[in-house]
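Welcome, and thanks for taking a look at this one. Below is a short briefing to read alongside the structure.

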Amino acid sequence: MGDRIKEMLELDRLGRVIEKHDQKKMNTLLIILAIFASAAVCLFFLYRYFTPDYIDEYDDEYDDDFDDDFFDEED
């Protein structure tokens, strides 16, 4: 009976050691993923900042042509 209790306590201790080891691996993985995600977000915003916005130029030209045609038809 005493041997079984010792074995159970030993297995419990072993389980806790394994759990701590797995938790350290998971924390390391989460830290690496967080660093990667923050770098990706920073690069995305730098790309958006330095890339010219061609849509605004296109919209401005289109609006000017439309307004001219519209006012010519009323006269």
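What follows covers the overall build, the first helix, a surface patch and the aromatic pairs.

This is a predicted model. The chain has 75 residues, and 0% of them count as buried. Its secondary structure consists of two helices and zero strands.

**Overall surface**
- The accessible surface of the chain is about 7900 Å².
- Carbon and sulfur atoms account for 62% of that surface.

**Helix 1**
- Helix 1 takes in residues 2-50.
- For its 49 residues, a rise of 1.5 Å a residue gives an expected span of 72 Å, and the end C-alpha atoms are 72 Å apart, so the two values agree.
- Helix 1 lies largely in the open, because the number of buried residues among its 49 is zero.

**A nonpolar patch**
- M26, L29, L30 and L33 together make a nonpolar surface patch of about 380 Å².
- As a general point, an α-helix has 3.6 residues a turn, so residues three or four places apart point the same way.
- L33, one of the patch residues, sits in helix 1.
- Is L33 exposed or only partly exposed? L33 is partly exposed, because its relative accessible area is 47% and the exposed class begins over 50%.

**Aromatic pairs**
- How many aromatic pairs are there? The count comes to two.
- F44 and F45 form an edge-to-face pair, because their ring centres are 5.4 Å apart and their planes lie at 70°, where over 60 degrees counts as edge-to-face.
- The two partners fall in separate exposure classes: F44 is partly exposed at 45% relative accessible area, whereas F45 is exposed at 53%.
- Y49 and F50 also pair edge-to-face, since their ring centres are 5.0 Å apart and their planes are at 80°.
- Both Y49 and F50 are exposed.

Definitions and conventions
Residues numbered from 1 in each chain as written. Predicted model: local features only at pLDDT ≥ 70, side-chain atom pairs only at ≥ 80, totals over all residues. Heavy atoms only, no water. Patch = residues over 30% accessible without salt bridge, like charges linked within 9 Å, V, L, I, M, F, W, Y side chains within 5 Å. Areas by Shrake-Rupley, 256 points an atom, 1.4 Å probe, with all protein chains shown as cover. Salt bridge = Lys/Arg side-chain N within 4 Å of Asp/Glu carboxyl O. Helix = DSSP H or I, 4+ residues; strand = E, 2+ residues; numbered from the N terminus. Buried < 20%, exposed > 50% of the residue type's maximum accessible area, 1.4 Å probe, protein only. Expected span 1.5 Å × (residues − 1). Phe/Tyr/Trp six-rings, centres within 6.5 Å; stacked < 30°, edge-to-face > 60°.
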